[in-house]
Amino acid sequence: MKTSVIGYPRIGKNRELKFASEKYFKSEISENDLQLVAAELRKDSLLKQKEAGINFISSNDFSFYDNVLDAAFLFNIIPERYSSLDLTDLGKYFAAARGYQGDKGNVKALAMKKWFNTNYHYLVPEIDDTTEIKLAGNKPVDEYLEAKALGVETKTAIVGPFTLLKLAKYTGEKKSADFSTQLADEYLKLIEKLAAAGAEWIEFDEPSLVKDLTADDITLFKSVYDIVLNGKGSVKALLQTYFGDIRDIYSEVIKLSFDAIGLDFIEGRKTADLVKEFGFPADKLLFAGLVNGKNIWRNNYAKTIDALKNLKSTVGDNVVLSTSCSLLHVPYTLASETKLSQDYLEHFSFAEEKLGELRELAQLSDYADASNVASTDSFQNNQKLFHNRINSVDGSVQNRVAAIKDSDYTRLPEFHEREKIQKERLGLPLFPTTTIGSFPQTQDVRQNRQKLKKGLISVDEYTEFNKKKIAECIALQEEIDLDVIVHGEYERNDMVEYFGEHLAGYVFTEKAWVQSYGTRCVKPPIIWGDVSRKEAITVEWSKFAKSCTDKPVKGMLTGPVTILNWSFPREDISIKESTLQIALAIRDEVLDLEANGIDIIQIDEAALREKLPLRRSDWYSEYLDWAIPAFRLVHSGVKPETQIHTHMCYSEFTDIIPAIDAMDADVITFEASRSDLQILDSLKENNFKTEVGPGVYDIHSPRVPSVDEIVTALTKMRDRIEDTKLWVNPDCGLKTRGETETKASLINLVEAAKIIRNQG
């Protein structure tokens, strides 16, 4: 059996791309230097997969920032504000990704949204009525030829035309159908260039097919591929889907002249049923996504071999074993992990290890007799893992979850009564100003943390350093005149990992980095067993911060749904059960903060929407019916005068506004600046009761917003949000920003809020 990998991690085993890109942004290295680092990373990825015996390896899965942005630039879908900048092509690309503020101009970045149901983010292409779609680059061909020169024959992976059209934002009168023929023609030109270079396969990534499709969507898809498939010549076309099943279009897709179709058998709940019900054409290859590309647990060979056996009974031998999605979403290799015991490591499989799993599964599937499979060392060793899981069960945690009552999900009194009590208690002005929580994690902060880890300083020295930073941070906020103060989070490496370190049931890695967006990487902790709070986590830091100021101080926590979604979850229990365990642990922390005089507590749920099923019909039955109550469980026990905040970022919220209101927080802050405040209309239409702070500037860009820019944003907000409910804050935490730009931005934010107050 042959094997395939949809895509491979690209940041580098030790985040080489991140560090090189950041040096390039600071003009410490040249564009050529950056390109050399990228070429070396691509080489390493390609050769690693070739050595593992993978048959279908992808090229063009590399990106300096995002593959959707790559596709937009490839086809000249570049707003004029970027294309007109006097910068190199790469400079314009990064301006679209990050924004630009310098002697060549001042532009905001493109909107950024979550990539389907992952923690990866993509840049939203913008198409206006004058956009001239044309093949304007050569990246896919160049990277195919680069791989070929290394002796690696690849399939060229590219975001498919349907998904590119569906993800784009249309700023004029024209819509996707108006550009479909033009875009399809340009894809044909790319195929012609690939064919001339000797390419045999092109992989069209079409994850948008796993969402709910309308009749117009199906017509759009078919119209685009009628052109592409009829004109592709000798190049073979692989339609690659992932993150779910394609139930709305499967029967149509199998009739089209694709040479292969890639289906997700991990998250695609109905994929196997679709193949069984409608069959699969004998003249096509089925790329079967049976090795999980999003989680880090070892594949259960018995289940996968059984699934392959069932597939072959329907499809025959035209099956290629594949990852369920790109391996972009898992870390590079277990070889970098030197501290975890083998008792844990043997259960995990990162990108490199998944290559080995693909190879072994392919070999096992070729055995004609089941007894031969069961007698192999690889099969027997694999099966032992699923009967040898240490320290994963805690009866007291399970009993506590079982004892949760319906009343535990309800906070009393109701919101409107609490709102009056809190306004009188806190005495904040109209349009209160605050930040989301974190302040810049400067080099000295990171060094202090590393020194503690390496045993170079004592816990007391570490603590005193952080207290000094907190005091300085609070003094800065008082100087700027922010109304609600935060402590800066200098003790935290990551908003999820930090809490996981204080919870039983977690294990942690050293270098298991995963790209979130651009140069931003995260190191998700792993939920190994039942979760509970080992000790108070944030109380002492918050108490110290409160002692430094007379202004209100927010306690800063991460919510249970986000902790779950930004961890690698267990697969032996439901994510609902894991989330409720975490919710009870964070509830304990909330009540401790309140008992220690913290009047405002922010419980971030940045990733609430991340695991929302991609099909609307599954939203409540499979997710929101327990995710929203899990958040309410965290804060339902606090007093009326304690103000509960939450925060969300970089997702499409407009369609779940009622669910967000049902979280029953007192204040919610969320990303809005990159999406041009589109969420405001939805808030008004749904009579949103919760007080709200739409972000007034983008913290993922280094540019400093002007006072006028923020005043304009606030003026738009006032048209849709009552003055008594409007907060003023940035889009997200300030951890990744520099100190100078942070101070300048916050000064402008406060000045803008005061101008609005004075307008009455």
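## Nonpolar cores

The largest nonpolar core, a set of buried Ala, Val, Leu, Ile, Met, Phe, Trp, Tyr and Cys residues joined through side-chain atoms within 4.5 Å, has 115 residues, and those with the most contacts inside it are Phe 75, Phe 221 and Phe 348. Buried here means under 20% relative accessible area, with a 1.4 Å probe and protein chains only. Helix H8 (residues 176-197) gives this core its largest share, nine residues. A second, separate core of 98 residues includes Ile 474, Trp 566, Ile 721 and Ala 753.

This is a predicted model, in which local features need pLDDT of at least 70 and side-chain atom pairs count only at pLDDT 80 or more, while totals for chains, interfaces and linings use all residues. Residues are numbered from 1 along each chain as its sequence is written, and side-chain values use heavy atoms, with hydrogens and water left out.

## Helices H6 and H8

The axes of helix H6 (residues 139-149) and H8, which are lines fitted to C-alpha atoms over the stretch in contact, come within 10 Å and cross at roughly 20 degrees. H6 and H8 are therefore roughly parallel to each other, a term for angles under 35 degrees. In contact, meaning heavy atoms within 4.5 Å, Pro 140, Val 141, Tyr 144, Leu 145 and Lys 148 in H6 meet Leu 190, Lys 193, Leu 194 and Ala 197 in H8.

## Helices H19 and H20

Helix H19 (residues 443-453) packs with helix H20 (residues 459-480) at an angle of about 165 degrees, their axes 9 Å apart. H19 and H20 are therefore roughly antiparallel to each other, as angles over 145 degrees are called.

Notes. Buried means under 20% relative accessible area, exposed over 50%, partly exposed in between (1.4 Å probe, protein chains only). Helices (H or I, at least four residues) and strands (E, at least two) are DSSP runs, numbered from the N terminus. Axes are lines fitted to C-alpha atoms, for helices over the stretch in contact, and angles run from 0 to 180 degrees between N-to-C directions. Angles under 35 degrees count as roughly parallel, over 145 as roughly antiparallel, 65 to 115 as roughly perpendicular and the rest as oblique.
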